[in-house]
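Here's a quick tour of a protein model, written for someone who likes to see the contacts behind the cartoon. Have a look at the fold, then read on.

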Amino acid sequence: MKKIEGIVPVMLTPFTADNQIDYPGLERLINWYLTQGVDALFAVCQSSEMQFLSLNERVELAKFVVEKVQGRVPVIASGHISDALDAQITELSAMANTGIDALVLVTNHLDPKNEGSEVFFSTLNALLEALPVTMPLGLYECPAPYRRLLTDEEFSFCANSGRFVVLKDVSCDLPTVQRRVKLAEGTPFNIINANAAIAWPAIQSGSKGFSGVFTNFHPELYHWLYHHGAEQPEKAQELSLFLSLSAVTETLGYPKNAKIYHQQLGTFDSEFCRVNKDNVLEKFWGLSVLLDQIQQGTALWQKKIAG
């Protein structure tokens, strides 16, 4: 069983201008992530626009990433977007057969109407019975269609089951991350924080990595923070401020703004986005300047951490 920890980008899905998955662009994106030193890849998730992908597209996307990565880092994927249990079993079973290293369950689909732990456990147990016992599992507190955080009881059950290896924590709350780290002690369950504002203190508190959206802009800086920050805590604190402030740009048209950023890097040919049809550079005044500043700031920090 491969450990899922470190810097885990939530992968984008590049599209052509006529709304097809751009597989050459996707291969360039995979190579870009790997060049930046990421520790794993989250291949089918909200940043991938999974709610706007057919089941066949989600499955083919995961297979393509696994094929191109060739075992260099673990690949995890989610991709169940339905609320009905039978549909979830179909979606997850298909994803489990793609060669991924861990299958990630989305918490809001385990309790679609936010009715509480009884529904959560009923859905979860049905899925555990239906899915291969050899498949490592994860959990993802995906914000869409609503953010469904785990209770401590639910968290502890999953941690102690032995079947779960990773949680993408979207609590955005340092005390919650710290509490969960303690609850998971002695289990294979790794907590990976997704919030840039608490990335550094969460790592210091035992979070096993970072999997926020700005892994699509400068994953190498998060990689340094996680793997080397403790060696230079003052520099790590200074870097964490740049990372936190940069990540505020998420509110300005993500994931299309990330695709524009990758167009500038030469990764993507098109900024086409299924989830966001806005002209974000026109809608959010100053966004183009901010993207340029993030690129410039990233280059400055690359030099600082290399020295």
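What follows covers two helices, the cysteines and the salt bridges.

Keep in mind that this is a predicted model.

**Two helices and their neighbours**

Let's start with H11, which runs over residues 256–265. This helix is mostly covered, with seven of its 10 residues buried. The buried ones are Lys 256, Asn 257, Ala 258, Lys 259, Ile 260, Tyr 261 and His 262. What do they pack against? Helix H1 (23–35), helix H12 (280–283) and helix H13 (287–306) are the partners for the buried residues of H11. Just after H11 comes Gly 266, and its phi is positive, about 90 degrees.

Helix H6 (residues 152–161) has its own set of buried residues, namely Glu 154, Phe 155, Ser 156, Cys 158 and Ala 159. The elements that the buried residues of H6 pack against include both helices and strands: helix H5 (117–130) and helix H7 (174–183), plus strands S5 (137–140), S6 (164–169) and S7 (190–193). A glycine follows H6 as well: Gly 162, with a positive phi near 80 degrees.

**The cysteines**

How many disulfides turn up in a search of the whole structure? The search finds zero. Take Cys 45: the closest cysteine sulfur belongs to Cys 142 and sits 8.3 Å away, so the two are too far apart for a bond. A disulfide would need the sulfurs within 2.5 Å. Cys 45 is also buried, at 0% relative accessible area. For Cys 158 in H6, the closest cysteine sulfur is again in Cys 142, here at 17 Å, and that is too far for a bond. Cys 158 is buried too, with a relative accessibility of 0%.

**Salt bridges**

The salt-bridge count comes to 14. Side chains of opposite charge can pair when their charged atoms come close. Here are three of the pairs, with the N to O distance for each.

| Pair | N to O distance |
|---|---|
| Glu 60 and Lys 63 | 3.9 Å |
| Arg 148 and Asp 111 | 3.1 Å |
| Asp 152 and Arg 179 | 3.0 Å |

Glu 60 and Lys 63 stay within one helix, H2 (residues 55–69), where they are three residues apart, or about one turn. An α-helix has 3.6 residues a turn, so residues three or four places apart point the same way. As for exposure, Glu 60 is partly exposed at 31% relative accessible area, and Lys 63 is partly exposed at 36%.

Now for the salt bridge between Arg 148 and Asp 111. This pair links distant parts of the chain, 37 residues apart: Arg 148 is in the loop between S5 and H6, while Asp 111 is in the loop between helix H4 (107–110) and H5. Are the two partners buried or exposed? Arg 148 counts as buried, at 5% relative accessibility, and Asp 111 is buried at 0%. The story doesn't stop with two residues, as Asp 111, Arg 148 and Glu 154 are linked in a network of salt bridges. Glu 154 is one of the buried residues of H6.

H6 also takes part in the pairing of Asp 152 with Arg 179. Asp 152 lies in helix H6 and Arg 179 in helix H7, so this bridge too links distant parts of the chain, 27 residues apart. Both ends are partly exposed: Asp 152 has 31% relative accessibility, and Arg 179 has 36%.

Note on methods:
Residues numbered from 1 in each chain as written. Predicted model: local features only at pLDDT ≥ 70, side-chain atom pairs only at ≥ 80, totals over all residues. Heavy atoms only, no water. Buried < 20%, exposed > 50% of the residue type's maximum accessible area, 1.4 Å probe, protein only. Helix = DSSP H or I, 4+ residues; strand = E, 2+ residues; numbered from the N terminus. Contact = heavy atoms within 4.5 Å. Salt bridge = Lys/Arg side-chain N within 4 Å of Asp/Glu carboxyl O.
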